[in-house]
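Hi,

Here is the structure I promised to pass on. Have a look at it first, and my notes follow underneath.

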Amino acid sequence: MSGADPNLDTLNRILAGRDCAGPTPDDVVSAAEATLGVNFPASYRVFLLHFGAGALPAPYDLHGLPTCRASDAAPPAWSHLLDVDAQLRRYGDHPQKFLPIASDGCGVTIFLHVSRMSGSNECPVVARGPGFDDVDIAPSFLAFAEAAMSGDPLAAI
């Protein structure tokens, strides 16, 4: 079914049949933006509103705004963006301009570079970690998700 938002159409295609946390209410997304002091790129905002958090092919789980938190009694099924961001700020060099959206499980964190927002309200995706020093790996969240469905976006760098 085609909708009015091409970001949602593409995300529906990419995430069809994949595990997702479920939609996040708009007020929760807006509160997270306020907490982080950033505006989410359009495609990531659509992802949060409709999918919450989700799984791409290994090793990438997309951090989001699921109802579960790291402070819950049971281990969360999804990584909460605010928890991951707080942990990175507490234990490392993590500038506010970087919004963590995934990890490769081997020390490389995938970020949205929110200070480089384009006129179309998108920003590049960068990798930081061993072998990756703020390297652009995709022009947008959507492009990263599409690349992850075809293989490892870090392998092409």
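Let me start with cysteines: a disulfide is counted when a pair of cysteine sulfur atoms lies within 2.5 Å. Keep in mind that this is a predicted model, and that it holds 0 disulfides. Why does Cys20 have no such bond? The closest cysteine sulfur to that of Cys20 belongs to Cys68 and is 13 Å away, so the pair is too far apart for a bond. As for how open these side chains are, Cys20 has a relative accessible area of 26% and is therefore partly exposed. Cys106, with a relative accessible area of 62%, is exposed.

Next, the helix packing. Two packed helices are described by the angle between their axes and the distance between the axes.

I'll take H1 and H3 to begin with. The axes of helix H1 (residues 6-15) and H3 come within 10 Å, with a crossing angle of roughly 60 degrees. That angle makes H1 oblique to H3, and the crossing is right-handed. Which residues meet here? From H1 there are Asn7, Leu8, Leu11, Asn12 and Leu15, and from H3 there are Ala42, Ser43, Val46, Phe47, His50 and Phe51. Sorted by class, the contact of H1 with H3 has 7 nonpolar and 4 polar residues, and no charged ones.

H3 also packs with H2. The axes of helix H2 (residues 26-36) and helix H3 (residues 42-51) come within 9 Å and cross at roughly 135 degrees. H2 is therefore oblique to H3, and the crossing of H2 and H3 is right-handed. On the H2 side the contact uses Asp26, Val29, Ser30 and Glu33, while H3 supplies Arg45, Leu48 and Leu49. By class, the residues in the contact of H2 with H3 are 3 nonpolar, 1 polar and 3 charged.

One residue from that contact has a few more numbers. Ser30 sits in helix H2 and is partly exposed, because its relative accessibility is 30%. Between the C-alpha atoms of Ser30 and Arg45 there are 9.3 Å, and the two residues are 15 apart along the chain.

Now for a backbone item you may want to look at. Most residues other than glycine have a negative phi. Where does Asn121 sit, given its positive phi of about 60 degrees? Asn121 is in the loop between strand S4 (109-113) and strand S5 (125-129). Its relative accessibility is 34%, so Asn121 counts as partly exposed. Leaving out residues up to four places away in sequence, Asn121 touches Phe40, Pro41 and Ala42. Ala42 also turns up in the H1 and H3 contact, on the H3 side. By contrast with those touching residues, His63 is 20 Å from Asn121, C-alpha to C-alpha, with their positions 58 residues apart in sequence.

Asp134 has a positive phi too, near 55 degrees, and is likewise not a glycine. This residue is found in strand S6 (residues 132-138). With 31% relative accessibility, Asp134 counts as partly exposed.

Last, a pair of buried side chains with polar or charged groups to keep in view.

- Asp85 lies in helix H4 (residues 81-91). Is Asp85 buried or exposed? Its relative accessibility is 4%, so Asp85 counts as buried. Not counting residues up to four places away in sequence, Asp85 touches Leu36, His94, Phe98 and Pro100.
- His80 is placed in the loop between strand S2 (61-62) and H4. At 6% relative accessibility, His80 counts as buried as well. Neighbours within four places in sequence aside, His80 is in contact with Gly64, Leu65, Pro66, Cys68 and Arg69. Cys68 is the residue that came up earlier, as the one holding the closest cysteine sulfur to that of Cys20.

That is what I have so far. Over to you!

Conventions: Residues are numbered from 1 along each chain as its sequence is written. This is a predicted model: local features need pLDDT of at least 70, side-chain atom pairs count only at pLDDT 80 or more; totals for chains, interfaces and linings use all residues. Side-chain values use heavy atoms; hydrogens and water are left out. Helices (H or I, at least four residues) and strands (E, at least two) are DSSP runs, numbered from the N terminus. Buried means under 20% relative accessible area, exposed over 50%, partly exposed in between (1.4 Å probe, protein chains only). Axes are lines fitted to C-alpha atoms, for helices over the stretch in contact, and angles run from 0 to 180 degrees between N-to-C directions. Angles under 35 degrees count as roughly parallel, over 145 as roughly antiparallel, 65 to 115 as roughly perpendicular and the rest as oblique. A crossing is left-handed if the near helix is turned anticlockwise from the far one by less than a right angle, and right-handed if clockwise. Contact means heavy atoms within 4.5 Å. Ala, Val, Leu, Ile, Met, Phe, Trp, Tyr, Cys and Pro count as nonpolar, Asp, Glu, Lys and Arg as charged, and the others, Gly among them, as polar.
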